[in-house]
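Good morning, everyone. Please look at the next slide, and then we will walk through it together.

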Amino acid sequence: RDGHQCVRCGGTDRDRLLAVDHIIPWLLVKADESVGNNPDNLASLCLPCHGRKTTVVEPRLLRGDVLSLRSFYGEDRANRALDNWEQL
């Protein structure tokens with residue numbers, strides 16, 4: 001779906017290993033797997049971008065800073081994930 005590339009930096013699976021990321025962290029959506037594993041809550045990230053999201057963006061999101069998620073993923077992708085999360 002993401003063209004075998006990182007949605008953040010555009011690195012391809014030929015350049016870097018890719019991981020499937022939960023845009024809204026699993027910690028926050030694990031109560032409802034249908035939200036956590038909804039395609040709108042999943043994105044391909046290369047390992048460096050995934051590490052940055054885990055260490056920088058997620059702690060901010062856990063403190064309620066949804067702007068950090070929007071700046072990392074872009075408005076459209078982040079808003080789709082946030083809309084699903086708000087339905088919990």
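I will start with the overall fold, then take two helices, one loop residue, the cysteines and two residues outside the helices and strands.

A word on the source. This is a predicted model, where local features need pLDDT of at least 70, side-chain atom pairs count only at pLDDT 80 or more, and totals for chains, interfaces and linings use all residues. Residues are numbered from 1 along each chain as its sequence is written, and side-chain values use heavy atoms, with hydrogens and water left out.

First, the overall fold. The protein has five helices and two strands. Helices here are DSSP runs of H or I with at least four residues, strands are runs of E with at least two, and both are numbered from the N terminus. Along the sequence the pattern reads β-α-α-β-α-α-α.

Next, size. The C-alpha trace spans about 35 × 25 × 20 Å along its principal axes. A compact globule of 88 residues would have a radius of gyration near 12 Å, and the protein agrees, because its value is 12 Å. That radius is taken over C-alpha atoms, and the globule rule is 2.2 Å times the number of residues to the power 0.38.

Now the surface. About 5200 Å² is accessible, and 50% of that belongs to carbon and sulfur atoms. The areas come from the Shrake-Rupley method with a 1.4 Å probe, and for residues only the protein chains shown count as cover. Of the 88 residues, 35% count as buried. Buried means under 20% relative accessible area, exposed means over 50%, and partly exposed is in between, with a 1.4 Å probe and protein chains only.

And the contacts. Take those between residues at least 6 apart in sequence: 61% of them join residues at least 24 apart. A contact means heavy atoms within 4.5 Å.

On to helix α5, residues 75-86. Its twelve residues, at 1.5 Å each, should span 16 Å, and its end C-alpha atoms are indeed 16 Å apart. The expected span is 1.5 Å times one less than the number of residues. Which residues of α5 are buried? They are A78, A81, L82 and N84. They cover an arc of only 160 degrees around the axis, which puts them on the same side of α5. The arc is that of the directions from the helix axis to the C-beta atoms. The face turned away from that buried side carries the exposed residues D76 and E86. What do the buried residues of α5 pack against? The partners are α2 (33-36) and α4 (66-73).

So what about α4? Its buried residues are S68, L69, F72 and Y73. Down the axis of α4 they fall within an arc of 110 degrees, so they line one face of the helix. The exposed residues L67 and S71 sit on the face turned away from the buried side. The buried residues of α4 pack against β1, β2 (42-46), α3 (47-62) and α5.

Let me zoom in on A81, in helix α5. A81 is buried, with a relative accessible area of 2%. Leaving out residues up to four places away in sequence, A81 touches I23, I24, D40 and N41.

That brings us to I23. I23 lies in the loop between β1 and α1 (26-29). Its relative accessible area is 0%, so I23 is buried. With residues up to four places away again left out, the contacts of I23 include L42, K53, L69 and A81. I23 and A78 are 55 residues apart along the chain, yet their C-alpha atoms are separated by 7.3 Å.

Now the cysteines. How many disulfides does the structure hold? Zero. A disulfide here is a pair of cysteine sulfur atoms within 2.5 Å. The closest cysteine sulfur to that of C9 is in C46, 3.7 Å away, too far for a bond. C49 is in no disulfide either; its nearest cysteine sulfur, that of C46, is 3.6 Å away. C9 is partly exposed at 42% relative accessible area, whereas C49 is buried at 12%.

Finally, two exposed residues. H4 lies in the segment before β1 (18-22). H4 is exposed, at 58% relative accessible area. Its phi is near 55 degrees, a positive value in a residue other than glycine. Most residues other than glycine have a negative phi.

Q87 is in the segment after α5. Q87 counts as exposed, at 64% relative accessibility. Q87 and V35 are 52 residues apart in sequence and 8.5 Å apart in space, C-alpha to C-alpha.
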